[in-house]
Each structure stands twice: as structure tokens, then as C-alpha cells.
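Hello,

As promised, I am passing on the structure we talked about, with my notes underneath. Have a look through it first, and then read on for what I found.

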Amino acid sequence: VIGGGLLVGTLFGRARWLIFIGLFLAPFLFVASFVSEWSFSGEAGERYIQVTSIEDLERANFSYDHSFGVLELDLRWFELPTGASGVVSPISIDARVSAGELRIRLPQETGAIVTGSAGMGSVTLFGDESAGIGVSNTAETGGESPNVTFAIDARADFGSVVVDVPLEYEPRPLVWEE
């Protein structure tokens with residue numbers, strides 16, 4: 001609307017004051033053009049989620065959404081249901097942070113196909129970092145014959161995405177159930 005007013009103002013000379021409004025709004029519109037969709041439905045602050053089973057993923061509908069802050073999705077102690085044998089087809093997980101940092105930690109013995117993107121920020125997938133505006137990267141990891149494979153879509157509108165496989169053993173943190 002303001003752009004149209006500026007065009008009319010150049011022809012008729014009565015709306016030149018709109019230039020100041022246009023200059024003020026330009027940086028905000030520039031930043032907004034890199035965000036695919038705004039979502040403020042998730043929580044804010046620092047959030048740690050430990051996923052140990054397929055039931056944990058089903059409860060979250062295989063999707064995690066966080067508005068502001070840090071979202072850490074820890075899959076290091078993910079276990080197949082008892083009785084499951086052979087290769088499990090890719091388990092799709094969608095994780096998103098509107099503004100902040102998204103960290104995903106994967107177990108060593110699984111495979112993963114990860115697509116990471118950031119509207120404005122950085123994406124680090126298994127040590128390979130890309131940063132800037134409209135950054136997107138895809139990486140794959142896994143052993144020769146993993147029992148479980150994850151297909152992960154990790155996004156941050158403003159901020160960073162970090163997906164890694166810890167190399168050292170860490171004791172399992174205690175998570176209190178409500």
C-alpha cells in the first residue's frame with residue numbers, strides 16, 4: 001500500500017511524506033521476507049525433551065514447536081519397542097524454533113537424513129556449518145546397517161540449528177515424569 005502511495009506521489013507530488021514511512025518499514029519487511037511462516041504457538045524459554053521411545057514421539061505427534069529460546073531434542077536413548085526386529089523405516093520428526101536455537105542430539109547406532117534450514121542464522125549438521133540469510137543444508141549419517149533411521153526436518157526462523165551425534169558416552173540424565 002505504501003509502495004503504491006509512493007508511486008502515486010511521484011506522479012502527482014502530494015504524498016512525498018510517505019517516503020519516511022517506507023524507509024522506516026523497509027528493514028522490517030526485508031527481515032519478514034525470509035521467514036516462511038510465523039509461529040508463536042510453542043513455548044518460550046529453555047526446553048529439554050528426552051525421547052526414549054516411539055510413544056514419546058506419538059504423544060508429540062512427531063512435531064516439536066518452540067517460540068523463543070532454546071529447544072533441545074535428545075534422542076540418544078531412543079529404543080525400539082520390544083519385539084521389533086530388522087530395520088525400522090524412517091521415523092519422520094519435524095522440529096521448529098521461531099527465534100532461538102534448536103539442538104538435536106542423535107544416538108550413535110542410528111541413521112539419519114537431516115534437512116536443516118534457517119531464515120536468518122546458521123545451520124550446523126554433523127560439524128558442517130552454513131550461516132547467512134535463507135540457509136538450508138541436508139546431511140546424512142549412520143552406520144553400515146542401522147536398526148532405526150530418522151528423517152528430520154529442523155528449522156529456525158531466526159537463530160541456529162545444531163544437529164550432532166555425541167562422540168563420548170554421557171550418563172543418562174534424570175527426567176522427572178509428572
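Phe-62 is partly exposed in this predicted model, because its relative accessible area is 27%, and that value falls between the 20% and 50% cut-offs. You will find Phe-62 in the loop that links helix 3 to strand 2. Its backbone caught my eye: Phe-62 is not a glycine, yet its phi is positive, at about 55°.

Phe-126 is worth opening alongside it. This residue sits in the loop between strand 4 and strand 5, and here too a residue that is not a glycine has a positive phi of about 55°. Phe-126 has a relative accessibility of 27%, so it counts as partly exposed.

Now for the chain as a whole. It holds three helices and six strands, and from start to end the order of elements is α-α-β-α-β-β-β-β-β. Of the 178 residues, 37% are buried. The accessible surface comes to about 10700 Å², with carbon and sulfur atoms accounting for 58% of that. Among contacts with a separation of 6 or more, 74% are between residues 24 or more positions apart.

The part I would look at next is the β-α-β unit. Strand 1, helix 3 and strand 2 form it, and the unit is right-handed. Strand 1 (residues 43-50) and strand 2 (residues 63-74) run parallel and are joined by eight bridges. If you want a pair to orient yourself by, take Arg-47, which stands opposite Leu-71 in strand 2.

Helix 3 covers residues 54-59, and Arg-59 belongs to it. Is Arg-59 buried or exposed? With a relative accessible area of 66%, Arg-59 is exposed, since the cut-off for that class is over 50%. The side chain of Arg-59 also makes a polar contact of 2.2 Å with the side chain of Asp-56.

Next, the interior. The largest nonpolar core has 30 residues, and the members that touch the most others are Tyr-64, Ile-104, Phe-150 and Ile-152. Two or more residues each come from helix 3, strand 2, strand 3 (88-105), strand 4 (111-125), strand 5 (128-141) and strand 6. Which element gives the most to this core? That is strand 6, with seven residues.

Tyr-64 is a good place to start browsing. Beyond its neighbours within four places in sequence, Tyr-64 is in contact with Ile-49, Val-51, Asp-56, Leu-57, Leu-71, Leu-73, Ile-93, Asp-94, Ala-95 and Arg-96. Asp-56, in that list, is also the polar partner of Arg-59. Leu-71, likewise a contact of Tyr-64, is the residue that Arg-47 stands opposite.

Strand 3 has two arginines that I looked at in some detail. Arg-103 lies in this strand and is partly exposed, because its relative accessible area of 28% is between the 20% and 50% limits. Which residues does Arg-103 touch, leaving aside its neighbours within four places in sequence? They are Val-70, Leu-71, Glu-72, Leu-73 and Val-162. The side chains of Arg-103 and Glu-101 are joined by a polar contact of 3.3 Å. There is a long-range pairing to check as well: Arg-103 and Asp-164 are 61 residues apart in sequence, while their C-alpha atoms are 8.1 Å apart in space.

The other arginine, Arg-105, is in strand 3 too. Its relative accessibility is 18%, so Arg-105 counts as buried, given that the class takes values under 20%. Its side chain makes a polar contact of 3.4 Å with the side chain of Glu-72, and Glu-72 is also among the contacts of Arg-103.

Last, Ser-160. This residue is in strand 6, which spans residues 148-164. Ser-160 is buried, because its relative accessible area is 16%, under the 20% limit. Outside its neighbours within four places in sequence, Ser-160 is in contact with Gly-100, Glu-101, Leu-102 and Ser-122. Glu-101 thus appears twice in these notes, because it is listed with Ser-160 and is the polar partner of Arg-103.

Happy browsing, and do send me your thoughts.

Best wishes

Definitions and conventions
Residues numbered from 1 in each chain as written. Predicted model: local features only at pLDDT ≥ 70, side-chain atom pairs only at ≥ 80, totals over all residues. Heavy atoms only, no water. Helix = DSSP H or I, 4+ residues; strand = E, 2+ residues; numbered from the N terminus. Buried < 20%, exposed > 50% of the residue type's maximum accessible area, 1.4 Å probe, protein only. Polar contact = N/O pair within 3.5 Å; in protein donor to acceptor, adjacent residues only side chain to side chain. Pairing = 2+ DSSP bridges. Right-handed = clockwise from strand over helix to strand, strands pointing away. Contact = heavy atoms within 4.5 Å. Core = buried A, V, L, I, M, F, W, Y, C linked by side-chain atoms within 4.5 Å. Areas by Shrake-Rupley, 256 points an atom, 1.4 Å probe, with all protein chains shown as cover.
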